[in-house]
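Student: I am new to this structure. Could you walk me through it and show how each label is earned?

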Amino acid sequence: MDLLIKFDEGEKIAVKKIVFSGNRVVTDKQLTRRMKTKKNGLFRSGKFEQETFDNDLKAIVEYYNENGFIDSRILSYDIEVTEDKYLLIHIYIDEGEQFYFGRITFNGNSRFTDEILLEDFQFERNEVFNL
């Protein structure tokens with residue numbers, strides 16, 4: 001008995017464009033650098049994989065967190081198949097507010113001076129808060 005299984009993989013569809021909305025401070029270029037999903041080009045296939053894209057969304061939020069945007073989040077995304085069989089990805093972002101380190105004060109430190117305690121901190125006042 002022979003068993004023949006036929007697969008229809010469909011047409012290959014590549015990412016044509018990635019569009020960001022809601023990013024006021026961080027540029028589109030900075031965001032796309034954090035992504036492994038890329039639009040097709042001369043040396044890139046533009047292949048779309050959902051798992052990779054999900055990790056890209058996490059990487060974008062991590063980048064924001066590292067740059068003081070501790071409340072940033074991906075609101076949603078749309079993936080559209082265009083008439084010419086390409087993917088258009090639209091990512092909606094809420095950057096939130098950017099946080100900085102302020103003044104540091106200590107209460108109840110009778111054993112050490114503020115200066116000695118401050119020596120162990122690795123950040124400066126007005127430096128971007130890195131989550």
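Tutor: Happily; we will take salt bridges, then a surface patch, then a pocket, keeping in mind that this is a predicted model.

Student: What makes Lys16 and Asp84 a salt bridge?

Tutor: The rule asks for a side-chain nitrogen of Lys or Arg within 4 Å of a carboxyl oxygen of Asp or Glu. Lys16 and Asp84 meet at 2.8 Å, N to O, so the pair passes that rule. Lys16 sits in strand 1 and Asp84 in the loop between strand 2 (73-81) and strand 3 (86-94), so the bridge ties together parts 68 residues apart in sequence.

Student: Why is Lys16 called partly exposed?

Tutor: Partly exposed lies between the cut-offs of 20% and 50% relative accessible area. Lys16 has 40%, so that label fits. Asp84, at 38%, also counts as partly exposed.

Student: How do you know that Asp94 and Arg73 form a salt bridge?

Tutor: Their side chains meet at 3.6 Å, N to O, and the limit is 4 Å, so the pair counts. This pair links distant parts of the chain, with Asp94 in strand 3 and Arg73 in strand 2, 21 residues apart. Asp94 has 28% relative accessibility and is therefore partly exposed; Arg73, with 46%, is partly exposed too.

Student: What labels do Lys47 and Glu49 get for accessibility?

Tutor: Exposed means over 50%. Lys47 has 56%, so it counts as exposed, whereas Glu49 has 37% and so is partly exposed. The side chains of Lys47 and Glu49 meet in a salt bridge at 3.0 Å, N to O.

Student: How many salt bridges are there by this rule?

Tutor: The count comes to four.

Student: Which residues form the nonpolar patch on the surface?

Tutor: Leu3, Ile5 and Phe7 form the patch, with about 430 Å² of accessible area together. Phe7 is found in the segment before strand 1 (14-21).

Student: Why is Phe7 called exposed?

Tutor: The cut-off for exposed is over 50%, and Phe7 has a relative accessible area of 73%, so the label holds.

Student: And the largest pocket: what lines it?

Tutor: Its lining is made of Lys17, Ile18, Thr32, Thr37, Lys38, Lys39 and Arg44. The volume of this largest pocket is about 160 Å³.

Student: How do the residues of that lining divide into nonpolar, polar and charged?

Tutor: The lining has one nonpolar, two polar and four charged residues. Lys and Arg count as charged and Ile as nonpolar, while Thr falls among the polar ones.

Conventions:
Residues numbered from 1 in each chain as written. Predicted model: local features only at pLDDT ≥ 70, side-chain atom pairs only at ≥ 80, totals over all residues. Heavy atoms only, no water. 1 Å grid on protein atoms, 1.4 Å probe; cavity = no way out; pocket = protein on both sides within 12 Å on 5 of 7 lines; lining within 4 Å. Points joined across faces, edges and corners; volume = space filled by probe spheres on them. Patch = residues over 30% accessible without salt bridge, like charges linked within 9 Å, V, L, I, M, F, W, Y side chains within 5 Å. Areas by Shrake-Rupley, 256 points an atom, 1.4 Å probe, with all protein chains shown as cover. Helix = DSSP H or I, 4+ residues; strand = E, 2+ residues; numbered from the N terminus. Buried < 20%, exposed > 50% of the residue type's maximum accessible area, 1.4 Å probe, protein only.
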